[in-house]
Amino acid sequence: MEDCVFCDIVNRELKAKVLYENERVMAFYDLVSVAPVHFLVISKTHIVAAKAIDKENSGVVAEIFEVIAELAKKLELVDGFRVVTNSGKLAGQTVKHLHFHVLGGRVFEWPPG
Ligand code: 5GP
Ligand code: ZN
């Protein structure tokens, strides 16, 4: 997808600190951390947001969560972590390529602000 920073990262046109990748999924550190550990897990194929998950593409979402569990173990987020996806304007989505923020290393309030 043109004009998509995360597609640029997948295609290696833009650098990122990559934590994990396979044929379908990629994980890399967020450029602007909001927690001691803050990385993003994405589908390599361009899916716009959570609102666009359907029967055709939901397999990769399951795989993303497997990767999240593996990386949480690897990064020793043993006391807990938060997974967030922002879908659409009201949620504050700024990059229109489905991504899951994984946040750890501090306490997170509930409900969120
Ligand atoms: P959103 O606001 O859409 O939920 O999250 C987008 C996230 O992508 C933000 O936390 C932002 O810091 C991150 N981000 C935006 N551009 C880049 C980039 O070029 N590289 C990396 N690693 N993260 C980015
Ligand atoms: Zn994209």
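A polar contact, as I shall use the term, is a pair of N or O atoms within 3.5 Å; within protein, one of the two must be able to donate a hydrogen and the other to accept it. Good morning, colleagues. The structure before you is a predicted model, and I shall begin with a residue to which that definition applies.

The residue is Asn-22, which lies in the loop between strand E1, residues 18-21, and strand E2. Its side chain makes a polar contact with the side chain of Tyr-20, at 3.2 Å. The side chain of Asn-22 also reaches the backbone nitrogen of Arg-24, at 2.7 Å. Is Asn-22 buried or exposed? Its relative accessible area is 18%. Buried means under 20%, so Asn-22 counts as buried.

I turn now to the ligand. Ligand 1 sits in the largest pocket. Which elements give two or more residues to the shell around it? They are helix H1, residues 5-10, strand E2, residues 25-29, and strand E5, residues 99-104. In total, 16 residues surround ligand 1. The closest are Tyr-29, Asp-30, Asn-86, Thr-94 and His-101. Sorted by class, the shell holds 9 nonpolar, 6 polar and 1 charged residues.

Let us consider the polar atoms at this site. A polar side-chain atom of Asp-30 lies 2.5 Å from an oxygen atom of ligand 1. For Thr-94, the atom concerned is a backbone N or O, and it lies 2.7 Å from an oxygen atom of the ligand. Val-95 likewise contributes a polar backbone atom, which is 3.0 Å from an oxygen atom of ligand 1. How much of the ligand does the protein cover? On its own, ligand 1 has 520 Å² of accessible area, and the protein covers 84% of that.

Strand E5, already named as part of the shell, also contains Leu-103. This residue has a relative accessibility of 8% and counts as buried, because the cut-off for that class is under 20%. Leu-103 and Phe-81 are 22 residues apart along the chain, yet their C-alpha atoms are separated by 5.6 Å.

Helix H2, residues 58-74, contains Ile-64. With a relative accessible area of 0%, Ile-64 is buried. Between the C-alpha atoms of Ile-64 and Lys-15, which are 49 residues apart along the chain, the separation is 21 Å.

Finally, I draw your attention to some features of the backbone. Where does a cis peptide bond occur? It joins Trp-110 and Pro-111, with omega at about 0 degrees. Pro-111 belongs to the segment after E5.

Two residues other than glycine have a positive phi, and I take them in turn. Arg-12 has a phi near 65 degrees and lies in the loop between H1 and E1. Its relative accessible area of 48% makes it partly exposed, since a residue counts as exposed at over 50%. Glu-76 has a phi near 60 degrees. Its place is in the loop between H2 and strand E4, residues 81-84. At 64% relative accessibility, Glu-76 counts as exposed.

To close, I return to the ligand site: ligand 1 occupies the largest pocket, with Asp-30 placing a polar side-chain atom 2.5 Å from one of its oxygen atoms. Thank you for your attention.

Conventions. Residues are numbered from 1 along each chain as its sequence is written. Chains are lettered from A and ligands numbered from 1 in the order in which they are written. This is a predicted model: local features need pLDDT of at least 70, side-chain atom pairs count only at pLDDT 80 or more; totals for chains, interfaces and linings use all residues. Side-chain values use heavy atoms; hydrogens and water are left out. A residue is near a molecule or strand if one of its heavy atoms lies within 4 Å of it. Accessible areas come from the Shrake-Rupley method with a 1.4 Å probe; for residues, only the protein chains shown count as cover. On a 1 Å grid over the protein atoms alone, a cavity is a set of points where a 1.4 Å probe fits but cannot get out, and a pocket is an open set with protein on both sides within 12 Å along at least five of seven lines; lining residues have an atom within 4 Å of a point. A molecule sits in a cavity or pocket if more than half of its atoms lie within 2 Å of its grid points. Helices (H or I, at least four residues) and strands (E, at least two) are DSSP runs, numbered from the N terminus. Ala, Val, Leu, Ile, Met, Phe, Trp, Tyr, Cys and Pro count as nonpolar, Asp, Glu, Lys and Arg as charged, and the others, Gly among them, as polar. Buried means under 20% relative accessible area, exposed over 50%, partly exposed in between (1.4 Å probe, protein chains only).
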